[in-house]
Amino acid sequence: MALPPPALTLTGLTKRFGSKTAVDDISLDIRDGEFFTIVGPSGSGKSSLVRLLAGLDTPTTGRLHLRGTDITEVPANRRPTAMVFQSLALFDHRSVGQNIEFAMKMKGVPQAERRARALDLLRLVRLPEDYYPRPVTQCSGGERQRVALARALGSDPEILFFDEPLSAIDYRLRKTLEVELKELHQRTGKTFIYITHSLEEAMVMSDRIAIMRTGRFEQIGTPDEIYRRPNSRFVASFMGEVNILEISRTKGTPHFADLDLPAPQAPGAFAVLRPEALSPGAGEGPSFDALVTQKLMLGSRTQFHLRAGNTALIAEVAAGPRSALEVGQTARFGFDPADIAWVDS
Ligand SMILES: Nc1ncnc2c1ncn2[C@@H]1O[C@H](COP(=O)(O)OP(=O)(O)OP(=O)(O)O)[C@@H](O)[C@H]1O
């Protein structure tokens, strides 16, 4: 079966500001209908890249194709795309309806049709119809975010770009909106390209994630691939608290740092082990004695900070009998070597 053409094809896309290379020779296909998220630290080039994709800026070199058509030089307002920013950029002196209808009005869509579509969009973003005449100043943060989404969808774009739209929103509302965005993506079938600092946020929503570092993609994969098989310590460091152990090859046998354990055949020099892969009790795999130095309740899970020799480790266990250990106790901990991701750098 022939694959549908990619929504976007990036070929050697590069953006320089003087001697600074913000986007460094990126080539990639983004599939039609994909939720593609770019994660990276501040200054890694995420915004610069999305500005090129959205047509707000032109690349220094490289080309950009939309469904096979070269759009490198096409300005944003002539592309079938829309953008949702962190600063929502709503028109505060206008109503919810006027905000949503903005792009339609610019295109000359007749008033009755605009209104009907705006009401459809309100339903799509789960706002009641009677919000239509309400001034946006009377909307809460979460409602404003939904209005901004409806407004972006108002131009019926093929691709929606999101530049950290949830970063200024408090934790609980952000969690709700993440799920709503994922559902909105599923309902609309449109291509979503999303940038964020947070791998956690990316994991909830994305089909694929690209981890960006100094203008390049360090790793591209499904959330599961990124989480289970990070290809560097840099990628692993986005996973929050994670055990990264240096392998010493003294005495001819690889050891986990100070833990005198036989390591499996290690192509890399560092072993990445997620906290939930380390659990109390000795199974088939390697195990060792560790002192519990800290116990933190995280709700459904309990986190143990451990010390084994000179090595500090973190384990996370589902709340229950296995989390009965207390600070000051020494217990055996084990893991399955298949849960280790080996990285070189
Ligand atoms: N207009 C510009 N002129 C000069 N340098 C720029 C310009 N825009 C971006 N840069 C530089 O390019 C690099 C990438 O910046 P960019 O804003 O794309 O990163 P980012 O990953 O989006 O960061 P943040 O998460 O903080 O928004 C940075 O070193 C930045 O200083």
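A crossing of two helices counts as right-handed if the near helix is turned clockwise from the far one by less than a right angle. In this predicted model, helix H2 passes helix H4 in such a right-handed crossing.

**Helix packing**

Two packed helices are described by the angle between their axes and the distance between the axes. Helix H4 (residues 141-153) takes part in two such pairs, one with helix H2 (residues 96-106) and one with helix H5 (residues 171-188). The axes of H2 and H4 come within 6 Å and cross at roughly 30°. H2 is therefore roughly parallel to H4, given that angles under 35 degrees count as roughly parallel. For H4 and H5, the axes come within 11 Å and the crossing angle is roughly 20°. H4 and H5 are therefore also described as roughly parallel to each other. H4 passes H5 in a right-handed crossing.

**Domains**

The domain assignment divides the protein into domain 1, residues 8-232, and domain 2, residues 241-343. Taken over C-alpha atoms, the centres of domain 1 and domain 2 are separated by 39 Å.

**The four-stranded sheet**

An open sheet is formed by four strands in the order S2-S1-S4-S5, with antiparallel pairing. S2 and strand S5 (69-70) stand at the edges with a single partner strand each, so one side of each has no neighbour in the sheet. Strand S4 (residues 61-66) pairs with S5 in the antiparallel sense over two bridges. In this pairing His65 stands opposite Asp70 in S5.

**The ligand shell**

Strand S2 (20-30) also contributes to the surroundings of the ligand: S2 and helix H1 (46-54) each supply at least two residues of the shell. The largest share, three residues, comes from H1. The residues around the ligand are Phe17, Lys20, Ala22, Gly40, Ser42, Gly43, Ser44, Gly45, Lys46, Ser47 and Ser48. By class, the shell divides into two nonpolar, seven polar and two charged residues. Glycine is counted as polar in this division.

**The five-stranded sheet**

A second open sheet has five strands in the order S14-S18-S15-S16-S17, again with antiparallel pairing. Its edge strands are strand S14 (279-280) and S17, each of which pairs on one side only. The table lists three strand pairs of this sheet, with the bridges that join them.

| Strand pair | Sense | Bridges |
|---|---|---|
| S14 (279-280) and S18 (residues 330-334) | antiparallel | two bridges |
| S15 (residues 287-297) and S16 | antiparallel | six bridges |
| S16 (residues 301-308) and S17 (residues 311-318) | antiparallel | eight bridges |

Individual residue partners fix the register of these pairs. Between S14 and S18, the bridge partner of Pro280 is Phe333 in S18. Between S15 and S16, Gln294 stands opposite His305 in S16. Two partners are given for S16 and S17: Arg301 stands opposite Ala318 in S17, and Leu306 stands opposite Leu313 in S17.

Two hairpins link neighbouring strands here. S15 and S16 form a hairpin with three residues between them, and Gly299 in the turn has a positive phi of about 95°. The hairpin of S16 and S17 has two residues between the strands, and there Gly309 takes a positive phi near 60°.

Conventions
Residues numbered from 1 in each chain as written. Predicted model: local features only at pLDDT ≥ 70, side-chain atom pairs only at ≥ 80, totals over all residues. Pairing = 2+ DSSP bridges. Near = placed C-beta within 6 Å. Domains from an automatic or database assignment. Axes fitted to C-alpha atoms, helices over the stretch in contact; angles between N-to-C directions. Parallel < 35°, antiparallel > 145°, perpendicular 65-115°, else oblique.
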